[in-house]
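Visitor: Good afternoon. I am new to this structure and would like to be walked through parts of it.
Guide: Certainly; please have it in view as we talk.

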Amino acid sequence: MAAEIVNPRSDSPTPGAAGVNSTDEPFDPAFALHRGGKMAVQSTVPIRDKDDLSLAYTPGVAKVCSAIADQPELVHDYTWKSQVVAVVTDGTAVLGLGDIGPEASLPVMEGKAILFKQFGGVDAVPLALATTDADEIVDTVVRLAPSFGGVNLEDISAPRCFEIERKLQERLDIPVFHDDQHGTAVVTLAALRNAAKLSGRTLGELRGVISGAGAAGVAIAKFLLEAGIGDVAVADRKGIVSKDRDDLTEVKRELAELTNRAGIAGSLETALAGADVFIGVSGGTVPEPAVASMAPGAFVFAMANPNPEVHPEIAHKYASVVATGRSDYPNQINNVLAFPGIFAGALQVRASRITEGMKIAAANALADVVGDELAADFVIPSPFDERVAPAVTAAVAAAARAEGVARR
């Protein structure tokens, strides 16, 4: 399948900002680019005459079907299965737009699919499902799974996203990866490793505070602990997630058991006093005095889009390294640095799942791409750095073999 931009027809009016299909509206390049969708299916073999047709379809295709029926593993060699990922959503947590439904999520899912192709050479198919029931989503994906080599869950709201991922991982023997959780965590760890290196510290010497206890916040906290951070506390709208709170969901109760070894209670601002790292994945605004109270040489990763929790101009007053989720500032924490290479590596070795070790390998490889260029405004490479995808792919494939989940 080819991921390609479909140009708008010259005789078709383009909606303006209000979305009105009228030639009176000002030209909007976003609508122009999206007209007709951003993807198309393209054949990888020619069909020029009856001989080509008889090989690609009947009768030649019957030989391949029969061979796969006799030896099911041949499906990986004679179909696209091992090269294609299903990008699955229910449209309940789309970018900064929230619950906008499956149809409205499709432009984002198409975008995700072309990023897979552009940055990892992996084909991907958007699947927007007309249900928000966790079990229905799981059953649907399980039934579709024979067509795919992996499943990328996308823009599914918490806490259902945790349940859906867990159940799919239990029922399928192909990689299932919720990018909103793990892609964000991988890139965050890579940037944090380099920031620590730049300051002459180790992860074990750092105390972090995460704003946001949704999918990304929970995954980042667990992943940083797995990687060896000294301590990390997570704050939701009601303050620090801690064992003394009686209003926690099951996911947050588990989080309280794992995090906040310092036993901090109260607000995000309280936790930031003396902290080495701030990681924002929640939106909102952190008051400047709270940022000023952080430890000398702190790191501020304010990743909300389009408005970071701490504006970079404020963050630079107090922090030695500043990162955001935006492309117009240095050190963009962008998932596209991770998920294409992670899936490319997993598919390359036909991994049965994506392990913690594979994710840590991806983060380490991503951090290593920066190399001798490491600087306060360059702790993470650009998505357009051609070294990124090959480095992550190779590291993930090697880790899958080392952990025994590779099947070739």
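**Sheets, a buried loop residue and a helix pair**

Guide: A235 stands opposite I240 in strand 7. Please keep in mind that this is a predicted model.

Visitor: How many bridges join strand 6 to strand 7, and do they run parallel or antiparallel?
Guide: Strand 6, residues 231-236, is joined to strand 7 by 2 bridges, and the two run antiparallel.

Visitor: What is the strand order of the sheet they belong to?
Guide: The order is 7-6-5-8-9-10, an open sheet of 6 strands with mixed pairing. Its edges are strand 7 (239-240) and strand 10 (319-324), each of which pairs on one side only.

Visitor: Which strands of the sheet does helix 8 touch?
Guide: Helix 8 (residues 179-198) packs on this sheet and touches strand 8 (277-280), strand 9 (298-302) and strand 10. The direction of helix 8 makes about 160° with that of strand 9.

Visitor: Let us stay with strand 9. How many bridges join it to strand 8 and to strand 10?
Guide: Strand 8 is joined to strand 9 by 4 bridges, in parallel. I279 has F301 as its bridge partner in strand 9. On to strand 10 there are 5 bridges, and that pair also runs parallel; there, F299 is partnered by V321 of strand 10.

Visitor: Why is strand 9 described as largely enclosed?
Guide: Strand 9 is largely enclosed by the rest of the structure because 5 of its 5 residues are buried. Both of its faces are covered: A298, V300 and A302 lie buried on one side, and F299 and F301 are buried on the other.

Visitor: And where do the side chains point in a regular strand?
Guide: They alternate between the two faces of the sheet.

Visitor: A change of topic: where is V286, and is it buried or exposed?
Guide: V286 sits in the loop between strand 8 and helix 12 (288-292). Its relative accessibility is 8%, so V286 counts as buried, the cut-off being under 20%.

Visitor: What does V286 touch, leaving out residues up to four places away in sequence?
Guide: V286 touches L268, L272, F278, V291, E309 and V310. As for L272, it is 14 residues from V286 in sequence, and their C-alpha atoms are 9.9 Å apart in space.

Visitor: Now the sheet of 4 strands. What is its order?
Guide: That open sheet has the order 2-1-3-4, and its pairing is parallel. Strand 2 (123-128) and strand 4 (176-178) each have a single partner strand, so one side of each is left without a neighbour in the sheet. On average, neighbouring strands here are turned by 25° against each other, direction ignored.

Visitor: How many bridges join strand 1 to strand 2, and which helix packs on this sheet?
Guide: Strand 1 (residues 84-89) and strand 2 run parallel and are joined by 6 bridges. V88 has L127 of strand 2 as its bridge partner. Helix 5 (residues 102-120) packs on the sheet, touching strand 1, strand 2 and strand 3 (150-153), with its direction at about 170° to that of strand 2.

Visitor: Finally, at what angle do helix 15 and helix 16 pack?
Guide: Helix 15 (residues 356-370) and helix 16 (residues 388-402) pack at about 150°, with axes 8 Å apart. Helix 15 is therefore roughly antiparallel to helix 16. Among the contact residues are G357 and M358 of helix 15 and V388 and A391 of helix 16. By class, the contact has 13 nonpolar residues, 1 polar and no charged ones.

Key:
Residues are numbered from 1 along each chain as its sequence is written. This is a predicted model: local features need pLDDT of at least 70, side-chain atom pairs count only at pLDDT 80 or more; totals for chains, interfaces and linings use all residues. Side-chain values use heavy atoms; hydrogens and water are left out. Axes are lines fitted to C-alpha atoms, for helices over the stretch in contact, and angles run from 0 to 180 degrees between N-to-C directions. Angles under 35 degrees count as roughly parallel, over 145 as roughly antiparallel, 65 to 115 as roughly perpendicular and the rest as oblique. Contact means heavy atoms within 4.5 Å. Ala, Val, Leu, Ile, Met, Phe, Trp, Tyr, Cys and Pro count as nonpolar, Asp, Glu, Lys and Arg as charged, and the others, Gly among them, as polar. Two strands pair if DSSP finds at least two bridges between them. Buried means under 20% relative accessible area, exposed over 50%, partly exposed in between (1.4 Å probe, protein chains only).
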